[in-house]
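Hello,

Here is the structure I said I would pass on to you. Please open it first, then read my notes below.

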Amino acid sequence: MLKNERQTYPECCCEDMREALSDSEHPIYYSSAFQEFGLQLSSGFEYSILKYCNWCGTKLPKSRRDAWFDSLEKLGIDPWGNDIPIKYLSSSWLE
């Protein structure tokens, strides 16, 4: 999970996924920066990436995590040592 990531809700494959994402007590997480779904781990700061919807079985979109890191690297930004530009804390970096 990215510090200060802008939380958005994507179009979902089913109503159950939509409800889980909007329920703060549910462990399903969506990263708008990486455009990936995950199951939050007990640490509260990490998640395991989901490839399929837990409810309807639909294949979820491919993560953009690698492209995100590649894009920052091209700009000379170390996401572990530098502040991440606001644009990269949501899906805005894809535009």
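Start with E1 and E2: these strands pair in the antiparallel sense, over four bridges. Please keep in mind that this is a predicted model.

**The sheet**

E1 and E2 belong to an open sheet of three strands, in the order E1-E2-E3, with antiparallel pairing. E1 and E3 (47-49) stand at the edges. Each has a single partner strand, so one side of each is left without a neighbour in the sheet. On average, neighbouring strands are turned by 40° against each other, direction ignored.

Strands in a sheet pair through backbone hydrogen bonds, either parallel or antiparallel. Here E2 (residues 36-40) pairs with E3 in the antiparallel sense, over three bridges.

Some partners to look up on your screen:

- Ile-28 stands opposite Leu-39 in E2.
- Tyr-30 has Phe-37 as its bridge partner in E2.
- Leu-39 has Ser-48 as its bridge partner in E3.
- Gln-40 has Tyr-47 as its bridge partner in E3.

Leu-39 therefore appears twice: opposite Ile-28, and as the bridge partner of Ser-48 in E3. 

**The two hairpins**

How many residues lie between the strands in the hairpin of E1 and E2? There are four, and Gln-35 takes a positive phi near 50° in this hairpin. Gln-35 is a residue other than glycine, so take a look at that positive value. Gln-35 sits in the loop between E1 and E2. With a relative accessible area of 21%, Gln-35 is partly exposed, because that class starts where buried ends, and buried means under 20%.

The hairpin of E2 and E3 has six residues between the strands. Gly-44 lies in the turn, with a positive phi of about 85°.

**Strand E1 from both sides**

In a regular strand the side chains alternate between the two faces of the sheet. Are the residues on the faces of E1 buried or exposed? Both faces are covered. Ile-28 and Tyr-30 are buried on one side, and Tyr-29 and Ser-31 are buried on the other.

Ser-31 lies in E1 (residues 28-31). Its relative accessible area is 1%. Buried means under 20%, so Ser-31 counts as buried. Leaving out residues up to four places away in sequence, Ser-31 touches Glu-5, Glu-36 and Tyr-47.

**Helix H1 and the segment before it**

H1 (residues 15-22) lies across E1 and E2. The helix runs at about 85° to E1.

Glu-19 is in H1. Glu-19 counts as partly exposed, at 44% relative accessibility. From Glu-19 to Leu-39 there are 20 residues in sequence and 14 Å in space, C-alpha to C-alpha.

Pro-10 is found in the segment before H1. Which residues does Pro-10 touch, not counting those up to four places away in sequence? They are Leu-21, Tyr-30 and Phe-37. Tyr-30 and Phe-37 are also bridge partners. Pro-10 and Leu-21 are 11 residues apart along the chain, and 9.2 Å separates their C-alpha atoms.

**The pockets**

Rolling a probe the size of a water molecule over the atoms shows where empty space is left.

The largest pocket has a volume of about 320 Å³. It is lined by 15 residues, and the closest to its centre are Leu-2, Lys-3, Pro-79, Ile-84 and Leu-89. By class, the lining has 10 nonpolar, two polar and three charged residues. Which element gives the most to this lining? Helix H2 (residues 65-74) does, with three residues.

The second largest pocket holds about 270 Å³ of space. Its lining has 13 residues. Nearest its centre lie Glu-36, Pro-61, Lys-62, Ser-63 and Arg-64. By class, this lining has five nonpolar, one polar and seven charged residues. H2 again gives the most, with three residues. Glu-36 links this pocket to the sheet notes above, as one of the residues that Ser-31 touches.

**Where to look first**

Begin at Ser-31, buried at 1% relative accessible area. Then go to Gln-35, in the loop between E1 and E2. Finish at H2, which gives three residues to the lining of the largest pocket and three to that of the second largest.

Best wishes

How values were computed: Residues are numbered from 1 along each chain as its sequence is written. This is a predicted model: local features need pLDDT of at least 70, side-chain atom pairs count only at pLDDT 80 or more; totals for chains, interfaces and linings use all residues. Side-chain values use heavy atoms; hydrogens and water are left out. On a 1 Å grid over the protein atoms alone, a cavity is a set of points where a 1.4 Å probe fits but cannot get out, and a pocket is an open set with protein on both sides within 12 Å along at least five of seven lines; lining residues have an atom within 4 Å of a point. Grid points are joined across faces, edges and corners, and a volume is the space filled by probe spheres set on the points. Ala, Val, Leu, Ile, Met, Phe, Trp, Tyr, Cys and Pro count as nonpolar, Asp, Glu, Lys and Arg as charged, and the others, Gly among them, as polar. Buried means under 20% relative accessible area, exposed over 50%, partly exposed in between (1.4 Å probe, protein chains only). Contact means heavy atoms within 4.5 Å. Two strands pair if DSSP finds at least two bridges between them. Axes are lines fitted to C-alpha atoms, for helices over the stretch in contact, and angles run from 0 to 180 degrees between N-to-C directions.
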